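Student: Please give me a close look at how the secondary-structure elements of this model meet one another. Where a class label depends on a cut-off, state the cut-off.

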Amino acid sequence: TLAGGLPPSRNRLAGRLLARLLDALAVFAEHGFPAFAEAYAGHDALAGRAVRVLGPGGDRDGIACGIDTGGALRIRTAEGECRVDSGEVSIRLDDR
């Protein structure tokens, strides 16, 4: 534990978090997102869920299939798989 079972001080916690963040940023700078893709996939809340992509070109319904090595969301639609990587979209779980 950080402080022998006691809650850590705010400064110590912040220092540890920043140290880990700096380590991760160094890995990202050298290897890019692929170095984190497997770990991210283990925490992907959308994978396998029905989603609706709301974008300037209209809405698309499909199943979220995880992300690609560039970090784009993969969606399986009736027309096939597509990638969503625009900052202009909103993802909503489709709970119909």
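Tutor: Contact here means heavy atoms within 4.5 Å. The model is predicted, and what follows is computed from it.

By that criterion, A24, V27, F28 and H31 in helix α1 meet P34, A35 and F36 in helix α2. Sorted by class, the contact of α1 with α2 has 6 nonpolar residues, 1 polar residue and no charged residues. Helix α1 covers residues 10–31 and helix α2 covers residues 34–41. Their axes come within 8 Å and cross at roughly 120°. Angles of 65 to 115 degrees count as roughly perpendicular and those over 145 as roughly antiparallel, so α1 is oblique to α2.

To place that contact in the whole, the protein chain has 2 helices and 5 strands. Read from the N terminus on, the order of elements is α-α-β-β-β-β-β. The strands can be followed in that order.

Between α2 and β1 there is a loop, and L46 is found in it. With a relative accessible area of 22%, L46 is partly exposed, because buried means under 20%. The C-alpha atom of L46 is separated by 8.5 Å from that of I63, although L46 and I63 are 17 residues apart along the chain.

Strand β1 (residues 50–55) and strand β2 (residues 58–67) run antiparallel and are joined by 6 bridges. The two form a hairpin with 2 residues between them. Two of its pairings fix the register. V53 stands opposite R60 in β2, and G55 stands opposite G58 in β2.

Strand β2 also pairs with strand β3 (residues 73–77), again antiparallel, through 3 bridges. Here I67 stands opposite L73 in β3, while A64 has I75 as its bridge partner in β3. The hairpin of β2 and β3 has 5 residues between the strands, and G71 in this hairpin takes a positive phi near 90°.

Next comes strand β4 (residues 80–84), which runs antiparallel to β3 and is joined to β3 by 5 bridges. The hairpin from β3 to β4 passes through 2 residues. One of the pairings links R76 to E81, its bridge partner in β4.

The side chains of β3 can be sorted by face. In a regular strand the side chains alternate between the two faces of the sheet. Along β3, L73, I75 and T77 point to one face and are buried. R74 and R76 point to the other face and are not buried. Taken with the pairings, this puts L73, which stands opposite I67, and I75, the bridge partner of A64, on the buried face of β3. R76, whose partner in β4 is E81, is on the other face.

The cysteines need a cut-off of their own. A disulfide is a pair of cysteine sulfur atoms within 2.5 Å, and by this rule the count comes to 0 disulfides. C65 is in no disulfide, and the nearest cysteine sulfur to its own is that of C82, 8.9 Å away. At 18% relative accessibility, C65 counts as buried. The search from the other end gives the matching result: C82 is in no disulfide, with the sulfur of C65 as the nearest, 8.9 Å away. C82 counts as buried too, at 17% relative accessibility.

Two totals close the account. Buried residues make up 20% of the 96 residues in the protein chain. Among contacts between residues at least 6 apart in sequence, 36% join residues at least 24 apart.

Note on methods
Residues are numbered from 1 along each chain as its sequence is written. This is a predicted model: local features need pLDDT of at least 70, side-chain atom pairs count only at pLDDT 80 or more; totals for chains, interfaces and linings use all residues. Side-chain values use heavy atoms; hydrogens and water are left out. Axes are lines fitted to C-alpha atoms, for helices over the stretch in contact, and angles run from 0 to 180 degrees between N-to-C directions. Helices (H or I, at least four residues) and strands (E, at least two) are DSSP runs, numbered from the N terminus. Angles under 35 degrees count as roughly parallel, over 145 as roughly antiparallel, 65 to 115 as roughly perpendicular and the rest as oblique. Ala, Val, Leu, Ile, Met, Phe, Trp, Tyr, Cys and Pro count as nonpolar, Asp, Glu, Lys and Arg as charged, and the others, Gly among them, as polar. Two strands pair if DSSP finds at least two bridges between them. Buried means under 20% relative accessible area, exposed over 50%, partly exposed in between (1.4 Å probe, protein chains only).
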